[in-house]
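This report goes through selected features of one protein model, moving from a single arginine to sheets, helices and charged pairs. Please keep the sequence and the structure in view while reading.

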Amino acid sequence: MTDIKVLRAIEKKLLWLACWTVHNANHLRDKDQVKVGGHQASSASIVTIMTALYFSALRPQDRVAVKPHAAPVFHAMQYLMSQQTLENLHNFRGYGGAQSYPSRTKDVDDVDFSTGSVGLGVAITAFASMVQDYLTAKPWSNAPDEGRMIALVGDAELDEGNIYECLQEGWKHGLRNTWWIIDYNRQSLDGVVREGLYTRITDIFRAFGWQVEVLKYGVLQRAAFSRPGGDSLRAWIDTCPNAVYSALIFQGGAAWRTRLMDDLGDQGDVTRLIESHSDADLAALMENLGGHCLQSLVASFAAIDHDQPVAFLAYTVKGWGTPLAGHKDNHAGLMTKAQMDNFREAMNIRAGHEWDLFEGLDLPEVTLRDALGRVPFFAKGPRRYCAERVAVPDIDVPREAVISTQAAFGKVMDTLAKGTSDLAARILTTSPDVTVSTNLGPWVNRRGLFARQDIPDTFRNERVPSTQKWRFSPAGQHLELGIAEMNLFLLLGAAGLSHTLFRERLIPVGTLYDPFVSRGLDALNYACYQDARFLLIGTPSGVSLASEGGAHQSIAAPLIGMSQDGLAAFEPAFADELAVILAWSFDYLQRDGEGDSDEHTWLRDETGGSVYLRLSTRPIEQPGLEMSEARRQDIIDGAYWLRKPGPNCEAVIVYQGTVATEAIAAAGKAGVDRRDIGVLAVTSADRLNAGWQSAQRQRANGNSRARAHIERLLANLSRDATLVTVIDGHPATLSWIGGVRGHLTLALGVEHFGQTGTVADLYHHFGIDQHAILTALDQLSTGRPIRLASL
């Protein structure tokens, strides 16, 4: 354990550097008139906790999610340990500088989990612990020694519902090695927390099997309680409203004395106890809460000698140690220049030496440097691991004449499950209680469900017939979740970081109903922001899920796939396409910052990421595509000519997904009256659009030869030709294609909540059937009309 004098020096330095970093950004650095911000008060409340944790309790294998508003403290700590630059602190919240909230992908310091999305950084630590358990159970794993997954939690984050969804899932899976340390400063942006909230919080944690440690009193307070009159002082503290306590902290020692004497009166022992303290000492005593007492924190952390999850509820003061302490408006408040001058003087910092690492400290620099060099958590430097790629085997194409893309996915997974490839061994599947209905059942039948202990299949043992032969064991490769899509994406995020967190690569595959991607969108965005790598299967999709009605029919999902950074979205129509895309996806998940200099592909972002496949339950006839290397590449780049337009082409039908049947049928009938009609099969509007945007940027930057895949596809098409785009989703997904070369375009799709009925009913209702396509062609044409009456 680091000497307490050293810890106090570190605590003081972190508090100063965090506050100065924010002050510099807002008052000294050149900037525009917009407030830069930063959270001096929220940083101050947690500085003691972070000092005790990082410089005494942690080991290199531990992983920490730091509450978003403590970013200045985190960056200051990393600067102190030579893992953050002074330039970045100077530029805090500026372009290219240290980030507003800790970020794995944007910051240079050693961030374990990004935490900008409130609450999500808390919950992901529990799922990271589950992933660690999964890896520990595998014979092929060479993961580091088990670490604790720790979240530093702002008390206002406990308003987020995803935290409680996570608690239930953790209980179901026997959560271990997880600490949540709650910075209970009782103040948020808009007010003070309700009285008695801590009892509700602790009751919830205990109900889900967590040990709860309440750190309310520091050593000064506990010593005072042991003196005559101490019981009365403690009772007053315990019943004092949060708002009153905060106000008195801001007002200082004289206000404390007046209020205590007014409330307690002349009661002999307690009066003598109060009068034995000067105003300054009385203020220090009343501010000596457990979350600001290094001795209490160090001892409490060191006392945990088991792997049961632990919640530490640490009472703190928002703005502790600064002129902002306790003030109602301190959440977004900033010290004025005058306040900072007084704070600088109190911290013994000379002007011009604000960034000096050992300025203002009582201990010799050599003593501090020696102590910092021996802190276990930082002993090995940054702990960002990497892992070898896993080879991708050939993906067999299901050969049924009529099949849906969802069923084809299930067959591909079943074939992988039968094999012995390294890829299959690394696949971890998960689903929010829709495993069977998203066609993962055969995979689970062969590979089993994961649990740390064997759990038999009771129905099988009782001889109850079932197609599902599931049992839980450490060898299982499916982690079943309840119906909470936030948990799904948090688990995919944690599993998709396993190669950097635990030095072992997983291939996470998650399935859910496509319309419910939106229910977990915040966590999906959060996972992508961290550069987690996973394969997401959204199925069934669109109004093609006809009889289920509007709540189960996705409309905006294709646009989500296009707009979400870090996620390559595809919507194949045929099993042949799906097989190509899956083989590419399993490789794409494993790419790490690689460029591709090939002339054909250099415009594409090939640094890797996650993949989202939008699949359908609608069985359609398979065309039996001939798969040349050029066509495979076209499928990955986003589109290929299913029917190439002739030299005199008048119209092109552009489709994505299962409405291929309607596009093909319409093209056949329109060909009677149209010359050289083309059919463009779009497999990924996302990749197609990204390539086009990239090419435009390249040309704007002076590279005149840059051409996107969609530009090459349309290069020989006459400007007089018209386009009709069609998708079982929002029409904006494909409507932009008309702007590539200025073709007159009519976009068909679904813009409103669905209906119940047959596929034919709904396709007709929403105008995405072959009749609607032919009508659209007729609208755009200047030639003779299509004979609709003959259809």
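## A buried arginine in a loop

R505 is found in the loop that runs between α22 (498–501) and β11 (507–512). As with everything described here, this placement comes from a predicted model. The residue is buried yet forms no salt bridge, since the nearest side chain of opposite charge, that of D592, is 6.4 Å away. What does lie 2.9 Å from a polar atom of the R505 side chain? It is the backbone oxygen of A387. Leaving aside neighbours within four places in sequence, the contacts of R505 include W140, A387, E388, R389, V390 and R426, and also S498, H499, L589 and Q590.

## An open parallel sheet and two of its helices

An open sheet of 5 strands is arranged in the order β1-β2-β3-β5-β4, and the pairing is parallel. Its edge strands are β1 (63–65) and β4 (211–215), each of which pairs on one side only. From one strand to the next, the twist averages 15°. Within this order, strand β3 (residues 178–184) and strand β5 (residues 310–315) run parallel and are joined by 6 bridges, and W180 stands opposite A311 in β5.

Two helices lie across strands of this sheet. Helix α2 (residues 40–57) lies across β1, β2 (149–154), β3 and β5, and runs at about 145° to β3. Helix α14 (residues 294–302), for its part, lies across β3, β4 and β5, with a direction at about 170° to β4.

## Strand β17 and the loop before it

P647 is placed in the loop between β16 (639–643) and β17 (651–656). Is P647 buried or exposed? With a relative accessibility of 75%, P647 counts as exposed. Its C-alpha atom is separated by 7.0 Å from that of D676, although the two residues are 29 residues apart along the chain.

Strand β17, by contrast with that proline, is mostly covered, 6 of its 6 residues being buried. A651, I653 and Y655 point one way from the strand, whereas V652, V654 and Q656 point the other way, and all are buried. The strand has parallel partners in β19 (residues 722–727), to which it is joined by 6 bridges, and in β18 (residues 678–682), to which it is joined by 5 bridges. In these pairings A651 stands opposite T722 in β19, and V652 stands opposite G678 in β18.

## Helix α23

In helix α23 (residues 521–529), the buried residues are A523, L524, Y526, A527 and C528. These buried residues pack against two helices, α5 (120–136) and α21 (485–495), and against two strands, β12 (535–538) and β13 (567–570). After the helix comes D531, whose phi is positive, near 65°.

## Salt bridges

The structure holds 35 salt bridges, and three of them are set out below.

| Pair | N to O distance | Relative accessibility |
|---|---|---|
| R176 and E146 | 2.7 Å | R176 13%, E146 28% |
| D341 and R344 | 3.2 Å | D341 41%, R344 15% |
| R699 and E711 | 2.7 Å | R699 28%, E711 11% |

R176 forms its salt bridge with E146 across 2.7 Å between the closest N and O atoms. Because R176 lies in the loop between α6 (161–172) and β3, and E146 in the loop between α5 and β2, the pair ties together parts that are 30 residues apart in sequence. R176 counts as buried at 13% relative accessibility, whereas E146, at 28%, counts as partly exposed.

The side chains of D341 and R344 also meet in a salt bridge. These residues are separated by about one helical turn, because they are 3 residues apart in helix α15 (residues 337–346). D341 is partly exposed at 41%, while R344 is buried at 15%.

R699 and E711 meet in a salt bridge of 2.7 Å, N to O. This pair links distant parts of the chain, with R699 in helix α28 (residues 685–700) and E711 in helix α29 (residues 709–714), 12 residues apart. R699 is partly exposed at 28%, and E711 is buried at 11%. Beyond these pairs, salt bridges that share partners join D133, E146, R176, D307 and R452 into one network.

Notes: Residues are numbered from 1 along each chain as its sequence is written. This is a predicted model: local features need pLDDT of at least 70, side-chain atom pairs count only at pLDDT 80 or more; totals for chains, interfaces and linings use all residues. Side-chain values use heavy atoms; hydrogens and water are left out. Helices (H or I, at least four residues) and strands (E, at least two) are DSSP runs, numbered from the N terminus. Buried means under 20% relative accessible area, exposed over 50%, partly exposed in between (1.4 Å probe, protein chains only). Lys and Arg count as positive and Asp and Glu as negative; His and the chain ends are not counted. A salt bridge is a side-chain nitrogen of Lys or Arg within 4 Å of a carboxyl oxygen of Asp or Glu. A polar contact is a pair of N or O atoms within 3.5 Å; within protein, one must be able to donate a hydrogen and the other to accept it, and residues adjacent in sequence count only if both atoms are side-chain atoms. Contact means heavy atoms within 4.5 Å. Two strands pair if DSSP finds at least two bridges between them. Axes are lines fitted to C-alpha atoms, for helices over the stretch in contact, and angles run from 0 to 180 degrees between N-to-C directions.
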